[in-house]
Amino acid sequence: MSIAIVVHGGAWDIPPALHADHELGCRAAAQAGWQVLSHGGTALDAVEAAVRVMEDDPVFDAGRGSHLNADGAVELDAGIMDGQTLMAGAVAAVKRVANPISLARRVLHDSPHVFLVGAGAERFAIEAGLPLCDPHALVIEREQMLWEARRNATGKEQLAFGKAGTVGAVALDAAGNLAVGNSTGGTFFKHPGRVGDTPIIGCGLYADNTLGAAACTGWGEQIMKTVLAKATVDQIALLGNAATAANVAIAYFRHRIGGLGGVICISPEGQIGLAHSTPYMAYAYRTVTDDDILSGLQVKDG
């Protein structure tokens, strides 16, 4: 059976000054996932390992380095799904967990629920023995400066969305099991309590061994309205090709709702697909036919 891993570091108008860091971060994440898979580890272990690397890298809007909300705080969302059992775990609006992907993994395994939010999710983290962090440890100078500038802007003046959002990973292990995981700090200057597509099963992520697996990134409100992750997985099953499925799903997303976002996916056979409607999408992947990690910032055609 093939093994494969694909990760994304967000899809948006990523500033040129951050291109190299986004690519390097994605390569490191894909390598972490590949190490797990190549040593016989599970797809769930691989996506958790890959996403944790990006949560710890302050270039990404996930974990440390995330965008601040309108109150100047970091609120984190994450989700993970097992394609073998369809079990899933998700958390949202957590402020004291540095690696929310690992908290989502514990929800998957140790909770009768799928989705926990806010203080309840943090209480579950304590019960599960996961460490909590000082919320200020998640705030970096770059994001604090952006927040100060936005707060002090006059009238309806808006600042550009400075960097990409969600991070995600999709993996296929040697046993033929698929998994997907993703994590985000959400949109810049968001209303406190806002939750996007990232932790919502079917919207930001979906995995089913019989169909495929996909993770999304971009404008969460649009992604939720089109259930983009499940739509992509259904296209894999219908078309039999992950690359084509990703392009078809994003084409529908763009034409139906003017969607701004991207998707990565893997078929049950280990085919890789990725597509986006934003100016850039950072990515990295490896399959058994590749000698090394392949990575870059894919530029939108046309």
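How many residues lie between β7 and β8 in their hairpin? Select the two strands and have a look: three residues separate them. Keep in mind as you go that this is a predicted model.

**Stop 1: the hairpin**

Stay with β7 and β8 for a moment. Their pairing is antiparallel and runs over four bridges. Show Tyr206 as sticks, and you will find Ala214 of β8 standing opposite. Now display the side chains of β7: Leu205 and Ala207 point one way, while Tyr206 and Asp208 point the other way. Which of these four are buried or exposed? All are buried.

**Stop 2: the whole sheet**

Next, add β9 and β10 to your selection. You now have an open sheet of four strands, in the order β7-β8-β9-β10, with antiparallel pairing. β7 (205-208) and β10 are the edge strands; each has a single partner, so one side of each has no neighbour in the sheet. Neighbouring strands are turned by 10 degrees against each other on average, with direction ignored.

Zoom in on β9 and β10, an antiparallel pair joined by five bridges. To see one pair of bridge partners, pick Gly262 and then His276 in β10.

Two helices can be switched on here. Helix α7 (residues 228-239) packs on the sheet and touches β7, β8 (212-218) and β9; the direction of α7 makes about 140 degrees with that of β8. Helix α8 (residues 242-257) also packs on the sheet, touching β9 and β10, and its direction makes about 20 degrees with that of β10.

**Stop 3: a loop residue**

Where is Glu269? Look in the loop between β9 (261-266) and β10 (272-276). Glu269 is exposed, with a relative accessible area of 53%. Leaving aside residues up to four places away in sequence, Glu269 touches Ser2 and Leu172. For a sense of distance, draw a line from Glu269 to His67: the two are 202 residues apart in sequence, and their C-alpha atoms are 36 Å apart in space.

**Stop 4: helix α4**

Now select residues 118-127, which make up helix α4. The buried residues of α4 are Gly118, Ala121, Glu122, Phe124 and Ala125. Why are they on the same side of α4? They cover an arc of only 155 degrees around the axis, which puts them there together. Turn to the face away from this buried side, and you meet the exposed residues Ala119, Arg123, Ile126 and Glu127.

To see what the buried residues of α4 pack against, show β3 (88-94), α3 (100-110) and β4 (115-117). Just beyond, α4 is followed by Gly129, which has a positive phi near 80 degrees.

**Stop 5: the nonpolar cores**

From α4, move to Leu103. Its contacts, not counting residues up to four places away in sequence, are Val91, Val94, Val97, Ala121, Phe124, Ala125 and Leu130.

Then widen the view to the largest nonpolar core, which has 49 residues. Ile5, Val7, Ile80, Val91, Val94, Leu103 and Ala171 touch the most other members. Helix α2 (residues 43-55) gives the most to this core, with seven residues. A second core is separate and has 36 residues, including Ala213, Ala214, Ala245 and Cys265. As background, nonpolar side chains tend to be buried together in soluble globular proteins.

To finish, colour the second core and bring back Tyr206: Ala214, one of that core's residues, is the residue of β8 that stands opposite Tyr206.

How values were computed
Residues numbered from 1 in each chain as written. Predicted model: local features only at pLDDT ≥ 70, side-chain atom pairs only at ≥ 80, totals over all residues. Heavy atoms only, no water. Buried < 20%, exposed > 50% of the residue type's maximum accessible area, 1.4 Å probe, protein only. Arc of directions from axis to C-beta. Contact = heavy atoms within 4.5 Å. Core = buried A, V, L, I, M, F, W, Y, C linked by side-chain atoms within 4.5 Å. Pairing = 2+ DSSP bridges. Axes fitted to C-alpha atoms, helices over the stretch in contact; angles between N-to-C directions.
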